[in-house]
Amino acid sequence: MRVSRVHVRNFRNYKNAALDLSEGRNVLIGENAQGKTNLLEAIELIASGRSDRAGNDRELVYRGENQALVEVSYHSAGYSETASLLLTAGERMSRKAKINGIIQSASRRFARLTTVSFKVSDLDLLRGGPKYRRDWLDQLVCKLKASHFELTTRYDKIVQQRNRLLKTFFEKDGRLTVSDYDELKVWDKQLAQYGSQIIKQRVHVLGLLLPLAEVHQSEISGSRESLTAQYLFKNDETPSDSGSEIGLVGLEQLSQMTEREVEQIISGQLKKRRAEEIARKQTVCGPHRDDVSFSLNGFAATAYASQGQQRSLVLALKLGELKLVTARLEEPPLLLLDDVLAELDLGRQGILMQLVNSEMQTLITTTHLDGFRAEWLEGAKIVTVRAGEIIRQGES
Ligand code: ATP
Ligand code: MG
């Protein structure tokens, strides 16, 4: 897959700018707060339908304007597309998606463009909260299975609506009618149904990723560290002799369970924790509460791994992700490296470099070129970004 052009209008701090990408390496250089990440965010918005840092679409529109446009052109063997997304502020924000001028449903992952990104903030994958890891995993599932986007959107709405209902129950001071319970049951069923599908997809993809990441972990650490992971799905009914931590279902066990079995566990948990849910006005069971934990040589990485080990682990996961997505697409995705190269030492950069050969189109952002391995810049197209303008384009 090759991206040829990105065009943004009234997007973040860009009034109107276009970037023509070279087929190999592209480096966006600029000082802080000039618009480097904003441009990557625009590309990812087309590729994934989401922004991982915007709380809502309003933030994406240039302040004081009402409409933002992002347009990305890309091609591969057999197709050539220009995907666009128009964000319009009205009473609420609305989206209009098009491929080659033809309207698409914006509630789906509508573009074939696929990216893998590695950002400096990903180095916090282990230290950050569980939401960070859930979002990362969901995003990865979406790249391999586009329908996961709608599934998670639907699920989030169910949780929101169910929370609203729990709030009304709370306000009734626990005096619930039969029809209240009936209404809750409808939401419980949907939550368990959609929730179990999400969990099964996440577990499946984690199972595909881990062996790939493990190879890289071993390579980076000189075979000293072996990587394992757990999907943390709580089930208070898990017998303590099941081999996994009390209350947790192991990854292996989860991958063998049917969707129906996972659904039953969620339903059981919902029944059991109903009083707590009403008291907290919140849905406390389901995949929006799950987490992933990583271990090195059997020790939880968040608690025991050094900062350097955590970096290596995240790099191993990212390399695994890149391999997995490349295999599924049968071609490399566009790789986005946001600020991350300057944070990796030359050894780790070299390991990344082995995968990112000339086959892989790459867009790198940085404030400076110090500390870069020379190979990154060979034949690269270097572009300067200043105050929302792409001011210079040239070959290095
Ligand atoms: P760094 O090197 O610090 O990561 P960057 O070049 O990646 O910087 P961006 O995150 O791309 O910076 O851009 C940040 C700039 O965009 C900030 O100055 C911010 O105020 C501006 N910005 C963000 N959203 C909007 C918006 N909706 N309208 C106008 N400006 C915006
Ligand atoms: Mg940035």
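A salt bridge is taken here as a side-chain nitrogen of Lys or Arg within 4 Å of a carboxyl oxygen of Asp or Glu. The structure under discussion is a predicted model, and the passage below follows its charged pairs, then a buried acid, the ligand site and a few points along the backbone.

With that cut-off, the side chains of K143 and E321 form a salt bridge, with an N to O distance of 3.5 Å. K143 belongs to helix α2 (residues 130-144) and E321 to helix α9 (residues 307-329), so this pair ties together parts that lie 178 residues apart in sequence. K143 counts as buried because its relative accessibility is 14%, under the 20% limit for that class. E321 is likewise buried, at 2% relative accessibility.

A search of the whole structure gives 28 salt bridges. One of them joins D52 to K119, whose closest N and O atoms are 2.6 Å apart. Here too distant parts of the chain are linked: D52 sits in the loop between α1 (36-48) and β4 (67-76), K119 sits in strand β8 (residues 115-119), and the two are 67 residues apart. The two ends of this bridge fall into opposite classes of accessibility. D52 counts as exposed, at 54% relative accessibility, whereas K119 counts as buried, at 9%.

A further salt bridge is made by the side chains of D345 and R348, at 3.0 Å from N to O. D345 is partly exposed, with a relative accessibility of 38%, while R348 is buried, with a relative accessible area of 15%. Elsewhere, salt bridges with shared partners connect D122, K143, K318 and E321 into one network. The K143 and E321 pair described at the outset is thus placed within a wider set of charged residues.

D290 offers a useful contrast to these pairs. This residue lies in the loop between α7 (274-280) and β10 (291-296). D290 is buried yet has no salt bridge, and the nearest side chain of opposite charge, that of R202, is 4.3 Å away. That spacing of 4.3 Å does not meet the requirement of a separation within 4 Å, which is why the two residues are not listed as a bridge. D290 does, however, have a polar partner: its side chain makes a polar contact of 2.7 Å with the side chain of Y231.

Attention now turns to the ligand. There are 17 residues around ligand 1, and those that come nearest are A33, K36, T37, N38 and V61. By residue class, the shell divides into three nonpolar, seven polar and seven charged residues. Several backbone atoms approach the ligand. A backbone N or O atom of Q34 lies 3.1 Å from an oxygen atom of ligand 1, and a backbone N or O atom of G35 is found 3.0 Å from an oxygen atom of ligand 1. V61, one of the residues that come nearest, places a polar backbone atom 2.8 Å from a nitrogen atom of ligand 1. Taken alone, ligand 1 exposes 660 Å², and the protein buries 77% of that area.

The backbone also deserves a look. Two residues that are not glycines have a positive phi: N297, at about 50°, and D339, at about 65°. N297 is located in the loop between β10 and β11 (299-300) and counts as partly exposed, at 41% relative accessibility. D339 is located in the loop between β12 (334-338) and α10 (346-355). D339 is partly exposed as well, at 28% relative accessibility.

Finally, two residue pairs relate separation along the chain to separation in space. Y14, in strand β2 (residues 14-20), is buried with a relative accessible area of 0%. Between Y14 and A305 there are 40 Å from C-alpha to C-alpha, with 291 residues of separation in sequence. S293 is part of strand β10 and is partly exposed, at 24% relative accessibility. The C-alpha atoms of S293 and I278 are separated by 29 Å, and these residues are 15 residues apart along the chain.

Methods: Residues numbered from 1 in each chain as written. Chains lettered and ligands numbered in written order. Predicted model: local features only at pLDDT ≥ 70, side-chain atom pairs only at ≥ 80, totals over all residues. Heavy atoms only, no water. Near = heavy atom within 4 Å. Polar contact = N/O pair within 3.5 Å; in protein donor to acceptor, adjacent residues only side chain to side chain. Areas by Shrake-Rupley, 256 points an atom, 1.4 Å probe, with all protein chains shown as cover. Nonpolar A, V, L, I, M, F, W, Y, C, P; charged D, E, K, R; others polar. Helix = DSSP H or I, 4+ residues; strand = E, 2+ residues; numbered from the N terminus. Buried < 20%, exposed > 50% of the residue type's maximum accessible area, 1.4 Å probe, protein only. Lys, Arg positive; Asp, Glu negative; His and termini not counted.
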